[in-house]
Amino acid sequence: MTNSAPITQDVLTIPRKLPEGPTNLVGLTRARLREVLIENGTPEKQAKMRVNQIWQWIYQWGVRDFAQMTNLSKAYRAELAEKFVIAIPEMVSRQISADGTRKYLVRIAGGHEVEVVYIPETDRGTLCISSQVGCTLTCSFCHTGTQKLVRNLTAGEIIGQVMMARDDLNEWPEPGKGTDENGPRLLSNIVLMGMGEPLYNFENVRDAMNIAMDGEGISLSRRRITLSTSGVVPEIAKTAQEIGCMLAVSFHATTDETRDKLVPINKRWNIAALLDALRAYPKLSNSERITFEYVMLKDVNDSDEDARRLVQLIKGIPAKINLIPFNEWPGSPHERSDWDRIQKFADIIYKAGYASPIRTPRGEDIMAACGQLKSATERARKSRKEIQAEAGL
Ligand code: SAH
Ligand code: SF4
């Protein structure tokens, strides 16, 4: 990818207004949706059917307006419109890279912003979503780690990112049609690899992912959802039991000494404790393989010895090792490992019998890498301000 590649950017200046007051139905579990309908006057006897109908309109057909829910009586639609809203986060900007990667900046209640990235590939389209604004953890190589945690996203804001991307990709089936009647999906996979530590926002992530997997809606298989954690050990078994999605772990080092520095949560739950939890995961969740993410940092974790130790450590765990060339950011304390070093490292792992894909940097022309979007946007804003100041505006 060259920097001269064409970039399209459109800033949406007219925000979709988030109404205040009425309850937002997006992000409620089916059980909670039933409760709020009953609390607001839906007869208990009808509640189950109403939940099914409303659920399908919202999550199968992407409808946001009660008036379009034509299998409900007009009077009931009017009642719903008075008491509830169907609201998702607002898209502030969208950039489309020459390679098709789409990067969105999304505004949530309170004016905070998170990033969402859509990565199209030949056989799939992956949406990378955020679970928190900022992060409480301080991994040394991660730009999000330099930003303070502002707050957890709600379940509605998490599933709302998926809904927003489906809007943008124009992927909702026509009312009456099934989710898979539209041909191959543009958005076929979700990865929780944007901002934040998903297992520090467990309930909201769980509820949002259960909505994504619900067969009468977005209907993504649990095998197409990957949750990435830095290693919040006590929540790993819960993830298997209550979500059952694929798991990725930010491993990044092969000794506690180095991992303590790179991924400081290691001081609380060290490599041995993490590996114990990971060993139990596939059985508990009935999933095949765990993805070990390993960011390649020059002279820090990229030696042949590290590669050999890595395969030794994960022995017996069905695994795939994802080597991530470090994405440098302004002021980052690390450098990306040289290309031949990364390849040598990959080779050792491959010869030990593991798949070891090197993650190709995507959307580099729009800085679509982890934690970089917001900083790039903030910089752009700052320079706009500076330009204005210079011009005496
Ligand atoms: N908090 C979770 C999920 C978000 S980070 C976690 O830590 O797993 C998603 C992935 O991007 C993690 O593997 C993280 O280690 C990696 N990552 C973060 N910053 C990066 C950078 N600058 N270059 C390459 N990978 C990075
Ligand atoms: Fe937080 Fe993950 Fe970044 Fe670590 S790598 S600071 S856990 S977002």
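Begin with the whole protein in cartoon view: this predicted model contains eleven helices and 14 strands. Of its 393 residues, 53% count as buried, and if you switch to a surface view you are looking at about 18,100 Å² of exposed area, of which carbon and sulfur atoms supply 50%. To get a sense of how the chain folds back on itself, consider the contacts between residues at least 6 apart in sequence, among which 68% join residues at least 24 apart.

**First stop: ligand 1**

Select ligand 1 and display the residues around it, of which there are 20, the closest being Gly 196, Ser 228, Ser 250, His 252 and Glu 293. By class, this shell divides into ten nonpolar, eight polar and two charged residues. If you colour strand E11 (225–229) and strand E13 (290–296), you will find that each supplies at least two residues of the shell around ligand 1.

Now turn to individual atoms of ligand 1. One of its oxygen atoms is 2.6 Å from an N or O atom in the side chain of Ser 250, while a nitrogen atom of the ligand is 3.4 Å from an N or O atom in the side chain of Glu 197. At Asn 327 the partner belongs to the backbone instead, with a polar backbone atom lying 3.0 Å from a nitrogen atom of ligand 1. How much of ligand 1 does the protein cover? Of the 530 Å² of accessible area that ligand 1 has on its own, the protein covers 95%.

**Second stop: ligand 2**

Next select ligand 2, around which you will find Cys 135, Leu 137, Cys 139, Cys 142, Gly 145, Gly 196 and Ser 230. This shell has four nonpolar and three polar residues, and no charged ones. Keep Gly 196 highlighted for a moment, since this residue is among those around ligand 2 and is also one of the closest to ligand 1.

**Third stop: strands E4 and E5**

Move on to strand E4, residues 90–96, and ask whether this strand is enclosed or open. Seven of its seven residues are buried, so E4 is largely enclosed by the rest of the structure. Add strand E5, residues 102–107, to the selection, and you will see that E4 and E5 run antiparallel and are joined by six bridges. Glu 90 stands opposite Arg 107 in E5, which gives you a pair of residues to label. Following the chain from E4 to E5 takes you through a hairpin with five residues between the two strands, and in the turn Gly 100 has a positive phi of about 95 degrees.

**Fourth stop: Gly 156**

Select Gly 156, which is found in helix H4, residues 155–168. Gly 156 is buried, with a relative accessible area of 10%, and, leaving aside residues up to four places away in sequence, it touches Val 26, Gly 27 and Pro 89. Add Ile 88 as well: although Gly 156 and Ile 88 are 68 residues apart along the chain, their C-alpha atoms are separated by 6.9 Å.

**Last stop: Arg 223**

Finish with Arg 223, in the loop between helix H5 (202–213) and E11, the strand that supplies residues to the shell around ligand 1. Is Arg 223 buried or partly exposed? With a relative accessible area of 40%, Arg 223 is partly exposed. Show Met 246 beside Arg 223, and you have two residues that are 23 apart in sequence and 5.8 Å apart in space, C-alpha to C-alpha.

How values were computed:
Residues are numbered from 1 along each chain as its sequence is written. Chains are lettered from A and ligands numbered from 1 in the order in which they are written. This is a predicted model: local features need pLDDT of at least 70, side-chain atom pairs count only at pLDDT 80 or more; totals for chains, interfaces and linings use all residues. Side-chain values use heavy atoms; hydrogens and water are left out. A residue is near a molecule or strand if one of its heavy atoms lies within 4 Å of it. A polar contact is a pair of N or O atoms within 3.5 Å; within protein, one must be able to donate a hydrogen and the other to accept it, and residues adjacent in sequence count only if both atoms are side-chain atoms. Accessible areas come from the Shrake-Rupley method with a 1.4 Å probe; for residues, only the protein chains shown count as cover. Helices (H or I, at least four residues) and strands (E, at least two) are DSSP runs, numbered from the N terminus. Ala, Val, Leu, Ile, Met, Phe, Trp, Tyr, Cys and Pro count as nonpolar, Asp, Glu, Lys and Arg as charged, and the others, Gly among them, as polar. Buried means under 20% relative accessible area, exposed over 50%, partly exposed in between (1.4 Å probe, protein chains only). Two strands pair if DSSP finds at least two bridges between them. Contact means heavy atoms within 4.5 Å.
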